[in-house]
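Biologist: Hi! Could you walk me through this structure? I'd like to start with charges and rings.

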Amino acid sequence: PFTELSIITRSENKFYYKKDDSALQVFGERCETPIGPAAGPHTQVAQNIAAAYLTGGRFFELKTVQIMDELEIDKPCIDAERETYNTEWSTELSVPQAFDEYVKAWFLIHLLEEIFGFSKVEERSFVFNMSVGYDLEGIQSSKIDTFIEGMKNAADTSIFQECRQAVIQTVNNGEVPGVTHSDFVEEVSPRLSRSVTLSTMHGTPPEDQEAICRYLMAEKGLHTYVKLNPTLHGYEYVRDVFQDLGYDHIQLKEESFTHDMQYPAAVEMLHNLLDHAEEIDVEFGVKLSNTLAVANDKGTLPADEMYMSGRALYPLTVSLALKLAREFKGRLTISYSGGADFFNIAALLKAGLKPITMATYFLKPGGYSRMTQLAELL
């Protein structure tokens with residue numbers, strides 16, 4: 001991904017440059033903006049991650065990997081006409097291919113920082129957050145364990161060495177505008193990620209989710225977010241909110257709520273995990289929220305059930321964040337994703353919700369350039 005840099009330089013007026021040296025701390029790492037792409041199409045391949053970085057994203061929730069990585073995914077699998085609906089449930093790449101893409105993106109962003117000088121300080125400005133699923137057995141498998149360990153330290157992997165040499169060669173050949181030496185490559189850390197977001201299947205029992213989080217924190221030493229579902233509100237609440245706010249075209253399935261984790265069980269699980277995280281000195285929090293399973297009544301996607309994200313998730317996700325913030329009296333870190341946009345993102349940040357990630361927002365006209373507007377606003 002280092003050979004077409006002239007195309008990138010022609011788009012420089014669309015890039016985001018940091019105006020000061022302010023930053024937030026996420027898992028002990030410096031993150032210059034509180035926003036970025038959520039796990040999904042914008043973090044599946046290296047060039048998409050780079051595009052999100054160029055336009056102001058600094059927190060990258062990498063697309064979820066899981067042991068079943070040879071999937072036949074019917075297309076189309078995404079419909080973003082109003083809300084966004086999808087019917088695909090993991091990366092379309094194999095786990096090793098996904099790992100390669102994340103390492104390429106890691107080096108590409110370091111190279112772009114060297115070319116354009118986006119940051120006011122020399123310290124790394126962005127955070128990679130891996131995402132894994134969907135059950136403990138799969139996460140403990142050799143395939144996923146190799147991925148996790150590689151993300152924690154990629155120094156001995158062939159793709160890390162290959163990308164390192166590619167950057168050095170490209171710079172030394174004079175092919176990189178404005179960069180005359182490759183010394184900076186020596187400072188590129190092989191430690192791509194020290195954190196993880198857990199994604200589980202809808203209906204996964206709380207005891208199973210707790211066991212996975214304990215494993216990721218205690219055995220893998222990872223700062224951990226667990227992604228929770230909007231079904232924690234209960235069927236009647238969500239039905240009434242959608243009717244009141246004009247989302248009555250969304251067809252809910254009551255069994256999606258009754259078969260999923262219930263709010264009291266979630267609270268108990270989170271208390272247990274917060275206590276455990278403090279005991280072993282790692283950070284723990286929640287990611288709000290996951291998609292909402294709804295009936296596929298549109299006929300545009302090839303499945304009986306589809307998963308909704310976007311603006312209709314906003315009233316559900318922000319109210320769930322408030323409920324949990326009050327429940328835990330501010331003790332619970334909340335990463336936000338659920339209908340964030342230009343008109344509400346500043347208020348979300350002021351409320352203490354960070355980092356904020358988006359997927360649907362960047363699938364709309366304007367694409368990645370919408371990120372620059374948000375970064376400037378914040």
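Modeller: Happy to! K323 has its charged end over the ring of Y263, 4.1 Å from the ring centre. Keep in mind that this is a predicted model.

Biologist: Thanks. And what lies over the face of Y361?

Modeller: That is R370, at 4.4 Å from the ring centre of Y361.

Biologist: Now ring against ring. How many aromatic pairs does a search of the whole structure find?

Modeller: The search finds 19 aromatic pairs. One of them is Y17 with F118: the ring centres are 4.8 Å apart and the planes are at 50 degrees, so the pair is tilted.

Biologist: Where in the chain do Y17 and F118 sit?

Modeller: In distant parts of it, 101 residues apart. Y17 belongs to the loop between α1 (5–9) and β1 (24–26), while F118 is in the loop between α3 (95–116) and β7 (127–132).

Biologist: Nice. Is Y17 buried or exposed? And what about F118?

Modeller: Y17 counts as partly exposed because its relative accessibility is 25%. F118, at 2% relative accessibility, counts as buried.

Biologist: How are the rings of F126 and F128 arranged?

Modeller: Their planes are at 55 degrees and their centres 5.7 Å apart, so F126 and F128 make a tilted pair. Both of these residues are buried.

Biologist: Which residues form one aromatic cluster?

Modeller: F126 and F128 are in that cluster, and so are Y17 and F118. The other members are F15, Y53, F60, W106 and F116.

Biologist: Switching to cysteines: how many disulfides does the count come to?

Modeller: Zero. For a pair to count, the two cysteine sulfur atoms would have to be within 2.5 Å.

Biologist: OK. Are C163 and C213 buried or exposed?

Modeller: C163 is buried, because its relative accessible area is 5%. C213 has 0% relative accessibility, so C213 counts as buried as well.

Biologist: Last topic, Q47. Which helix is it in?

Modeller: Q47 is in helix α2, which covers residues 46–54.

Biologist: Why does Q47 count as exposed?

Modeller: Because its relative accessibility is 54%, and exposed means over 50%.

Biologist: And what separation is there between the C-alpha atoms of Q47 and G138?

Modeller: Those C-alpha atoms are separated by 28 Å. Along the chain, Q47 and G138 are 91 residues apart.

Biologist: Great, thanks for the tour!

Conventions
Residues numbered from 1 in each chain as written. Predicted model: local features only at pLDDT ≥ 70, side-chain atom pairs only at ≥ 80, totals over all residues. Heavy atoms only, no water. Helix = DSSP H or I, 4+ residues; strand = E, 2+ residues; numbered from the N terminus. Buried < 20%, exposed > 50% of the residue type's maximum accessible area, 1.4 Å probe, protein only. Phe/Tyr/Trp six-rings, centres within 6.5 Å; stacked < 30°, edge-to-face > 60°. Lys NZ or Arg CZ within 6 Å of the ring centre and 35° of its normal.
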